[in-house]
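User: Could you take a close look at one part of this model for me, the loop between two strands and whatever its side chains touch? I would like the sheet around that loop described as well.

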Amino acid sequence: RRPECAVLFEDKEICHQLCQSWNFPLPRQLAVIDPSVDFASEMQQLMENSEARRLFVKPIDGDGGRGSCLVEFEGSKLVVRQIASPEKVIPVSGFTLSRRSVVQEAIVQHPALSQLFPGALNTVRIATLFTPEGNVKVVGAFLRIGKGSQFVDNGDQGGIGAAIELSNGRRDDVASNNRGKKFERHPDT
């Protein structure tokens, strides 16, 4: 990919604005916040002003899920779970934001995808090429599925993926992780 185009997709703030200008369906982005803000107060206010029960906080320049966290209520307390250690619960008042980040409402997934793994938003990714003639060519597709204690489906964070046959839209019966390990059954569900 050309370096001059990379910023369009590697900067989550710019990418969101670009996709919004094309009327792409997007998760609702509630804020862009800097480490200088009072994180606990900002999250409390965003939760009160939205209908979301969970918020994703993603570094603008993050990739592979690194540095992202989930803010949610555990009982009546607002807590943070980081991708690096999702089982560890941090009170929102004890969390420090390290980088400029976007805050998005968590999407509620379709019940059929939730049956595969309910702990993460499982997604379909479609790889395309833009031809010199100006056409879009679909070159591959796969279903990403979370596993373990992760709340994301990202392969860099332990998720697995199953290829989707382009001719009929069916997923492969075998999934694999980033290291090539095969799974005929989901290891958790």
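Analyst: Here is a walk from the sheet to the loop and its contacts.

A word on the basis: this is a predicted model, in which local features need pLDDT of at least 70 and side-chain atom pairs count only at pLDDT 80 or more, while totals for chains, interfaces and linings use all residues. Residues are numbered from 1 along each chain as its sequence is written, and side-chain values use heavy atoms, with hydrogens and water left out.

Let's start with the sheet. Helices (H or I, at least four residues) and strands (E, at least two) are DSSP runs, numbered from the N terminus, and two strands pair if DSSP finds at least two bridges between them. Here, 6 strands make an open sheet with antiparallel pairing, in the order S1-S6-S2-S3-S4-S5. Strand S1 (29-33) and strand S5 (85-91) are at the edges; each has a single partner strand, so one side of each has no neighbour in the sheet. From one strand to the next, the twist averages 25 degrees (axes are lines fitted to C-alpha atoms, for helices over the stretch in contact, and angles run from 0 to 180 degrees between N-to-C directions). Strand S6 (residues 101-105) runs antiparallel to strand S2 (residues 54-59), and 5 bridges join the two. Within this pairing, Lys58 of S2 stands opposite Val102 in S6.

Now to the loop between S5 and S6, where Arg100 lies. The side chain of Arg100 meets that of Glu13 in a salt bridge of 3.2 Å, N to O (a side-chain nitrogen of Lys or Arg within 4 Å of a carboxyl oxygen of Asp or Glu). Glu13 belongs to helix H2 (residues 12-21), so this pair ties together parts that are 87 residues apart in sequence. Arg100 counts as partly exposed because its relative accessibility is 33%; the scale is buried under 20% relative accessible area, exposed over 50%, and partly exposed in between (1.4 Å probe, protein chains only).

Arg99 makes a salt bridge too, with the side chain of Asp61 at 2.9 Å, N to O. Asp61 sits in the loop between S2 and strand S3 (69-74), while Arg99 is in the loop between S5 and S6, 38 residues apart. Asp61 is exposed, with a relative accessible area of 52%, whereas Arg99 is partly exposed at 33%.

The same loop also carries an aromatic residue, Phe95. Phe95 and Phe39 form a tilted aromatic pair, 4.9 Å centre to centre with 50 degrees between the planes. For such pairs, the ring centres of Phe, Tyr and Trp (its six-membered ring) lie within 6.5 Å, and planes under 30 degrees apart count as stacked, over 60 as edge-to-face and the rest as tilted. Phe39 is in helix H3 (residues 39-49), 56 residues from Phe95 in sequence, and both rings belong to buried residues. The structure holds 2 aromatic pairs.

For context, a search of the whole structure finds 7 salt bridges. One of them joins Glu74 to Arg81, with the closest N and O atoms 2.6 Å apart. Glu74 counts as partly exposed at 40% relative accessibility, and Arg81 as buried at 17%. Through shared partners, salt bridges join Arg54, Glu72, Glu74 and Arg81 into one network.
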